Each structure stands twice: as C-alpha cells, then as structure tokens.
Amino acid sequence: MQLTISQNIRVFLALLRRTFFVVIPHLKNALLDGLFLTSIYVLLFGYLYPQMGMSPALVGPVFIGSILTLLCGLSYSLAVRIVLDLKYARFIDYLFTIPTTPFWIFLWYICSFFIELVLATAPLLTFGLFLLRTKIDLSMAHIPSFIAVYAITMLFCSITFLAFGIRYEYDWFFDNIWARRLTPCLIASCSMFPWYRVNAFSAIIGRLFLLNPVTYIAEGLRGSLFNPALSLSTPLCLGMLFVFNGLAVLFLINSIKKTFNMV
C-alpha cells in the first residue's frame, strides 16, 4: 500500500512539473493582458466614476468586484481547455493510462487550475491596489485573513470550473454556460456593490444574495482589505466558502461519474 501511495505521489509531482513547464512561457503575455485590463479598471473605478458622482467609499469594493469579473473570465478559459480536450485532443485519455489512479489525475487538474489562477490574479490584484493606494484606505487590512479568503476562492474556482468543463458537452457549454450559469451568479451577488447596501435596499434581496458563493467571495475580500464593519464578517465568509467548496467537490465527483461512467 505504501508503495502505491509513493508511486502516485511521484506521478502527481511529475504532472505538477509539467504544469509549470507549460504555464511559465505563456505567463508573460497573460500578465500583460491582465495588467492592461487592470489599468482600465483602476482608471474607471478610481478616477472616472468618482468624478461622475460615485461615492469614494465604493472605489475599493467596486474594484474588487471588477477583479472577480476578471477571475471569472480566467476560470472560464480553463474550463474551455477541458471542453476542447474532451471534444478533440483527448489528452485525458492518455492520463488515464499512466500508473496512477483517477483521484490523483483530477487532483492534478485542480492544483494546475489553482496555480494558474494565482499566477494570473495575484500580480493584478497587487498592481491594482498599488495604483489605488491614494484612493482607498487599507489601514484596516488584515493580510492573513485576505490570504485565507483569496486561497479558498482560488480553490473554489478551480474545482467548480473543472466540473463545468467535464460535465457539459461542447455545444451546450459554449451556447449556455454564460447565459445560464456565470452571468446569473455575477448579477445575483454582491460582486459590484457591498452587501449592506443591498440589504438596506431590500432585506429579501439581501437574504437571497446570501445563497450565492460569489457574495461571500466579494465580501470576504472586502472585509479583509477595507473597513470590516461595512462587510460581512470574514469568519462567516470563510465558513460559507468552506461549505461551498464541499458542495463543489460533490458537484465535481458527480460530473466525473456522469462523463466517464466511473463508480
């Protein structure tokens, strides 16, 4: 048994080395594209919109929302890779022939997605906050809490979008994934405005938004960076994100069984 575990770990580490070998050469272009978009977000939310009447207190929260939109797009591109592979390249068929179990293969997929999302978003988030340092108050930022929320968010996106790519067929995915899954999740959440503003407008809508994991992602990041009194508590957001990560794992397992007929 110990030999099998050791063999699985060696294969898993070899696959991770492949991830870095493939990702690093393309990272420069991805960062340049992301920095360009982040600069536009900073210009809009940090300078233009406040001149048009947006409250300065919303600069930080709205910027975080824009980063979440970018994160959703990046995660979507990872899911597209899986959909195209299942339709055309079938690299996953080769993975099933290597000396390891499906558990370690899908764990590698999750870790690869996680690594790519962190490498793509961490510099953009840091760059954006640096440019907005004169427009937002980071004096109450709690870095350990931010790192915890950020890490579990990357994990949630990695698991969920891997499940999307595996579960949905090629035509359905490209025709419906944004209209029926991603756009409703972004709209019916607090990605672009703080939850307390929604709750003040309508308590019913505020409670409905609490059913959406994107709300806890946005509020957790805001609460750990800005005034925590204006966001949902960070422990609550972390707890709910752990719950949603558990649900995402169940969704992924069900998707794998549905697509690959695994027991």
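For the pocket linings described here, Ala, Val, Leu, Ile, Met, Phe, Trp, Tyr, Cys and Pro count as nonpolar, Asp, Glu, Lys and Arg as charged, and the others, Gly among them, as polar. With that classification in hand, the open spaces of this predicted model can be taken in turn.

The largest pocket holds about 650 Å³ of space. Its lining is made up of 27 residues, and those nearest the pocket centre are V22, V23, L78, R81 and E116. Helix 1 (2–51), helix 2 and helix 4 are the elements that each give two or more residues to this lining. Of these contributors, helix 1 gives the most, with 10 residues. In chemical character, the lining of the largest pocket splits into 17 nonpolar, five polar and five charged residues.

The second largest pocket contains about 450 Å³ of space. Here 20 residues form the lining, and F156, T160, F164, C185 and P213 are the closest to the centre. At least two lining residues come from each of helix 2, helix 5, helix 6 (170–187), helix 9 (213–225) and helix 10 (234–260). Helix 5 supplies the largest share of the lining of this second pocket, namely five residues. By class, the lining of the second largest pocket comprises 17 nonpolar residues, two polar and one charged.

Attention now turns from the open pockets to enclosed space. The structure has one cavity of 30 Å³ or more, and the volume of the largest cavity is about 70 Å³. Lining this cavity are I67, L68, L71, T121, L125, Y150, T153, M154 and L221. Two or more of the lining residues are given by each of helix 2 (59–89), helix 4 (102–131) and helix 5. The cavity lining counts seven nonpolar and two polar residues, with no charged ones.

Helix 5 also carries a serine that merits a closer look. S158 sits in this helix, which spans residues 143–167. The relative accessible area of S158 is 0%, so this residue is buried. Where does a polar atom of the S158 side chain find the backbone nitrogen of F114? The two lie 3.1 Å apart. Once neighbours within four places in sequence are set aside, the residues in contact with S158 are I110, F113, F114 and L117. F114 thus appears both among the contacts of S158 and as the residue whose backbone nitrogen lies 3.1 Å from a polar atom of that side chain.

The cysteines complete the picture. The model contains zero disulfides, the criterion being a pair of cysteine sulfur atoms within 2.5 Å. Why does C72 form no bond with C157, which holds the closest cysteine sulfur? The sulfur of C72 is 7.5 Å from that of C157, and this is too far for a bond. Seen from the other side, C157 takes part in no disulfide, and the nearest cysteine sulfur, belonging to C72, is 7.5 Å away. C72 has a relative accessible area of 9% and is therefore buried. C157 is buried as well, because its relative accessible area is 8%.

Key
Residues are numbered from 1 along each chain as its sequence is written. This is a predicted model: local features need pLDDT of at least 70, side-chain atom pairs count only at pLDDT 80 or more; totals for chains, interfaces and linings use all residues. Side-chain values use heavy atoms; hydrogens and water are left out. Helices (H or I, at least four residues) and strands (E, at least two) are DSSP runs, numbered from the N terminus. Buried means under 20% relative accessible area, exposed over 50%, partly exposed in between (1.4 Å probe, protein chains only). A polar contact is a pair of N or O atoms within 3.5 Å; within protein, one must be able to donate a hydrogen and the other to accept it, and residues adjacent in sequence count only if both atoms are side-chain atoms. Contact means heavy atoms within 4.5 Å. On a 1 Å grid over the protein atoms alone, a cavity is a set of points where a 1.4 Å probe fits but cannot get out, and a pocket is an open set with protein on both sides within 12 Å along at least five of seven lines; lining residues have an atom within 4 Å of a point. Grid points are joined across faces, edges and corners, and a volume is the space filled by probe spheres set on the points.
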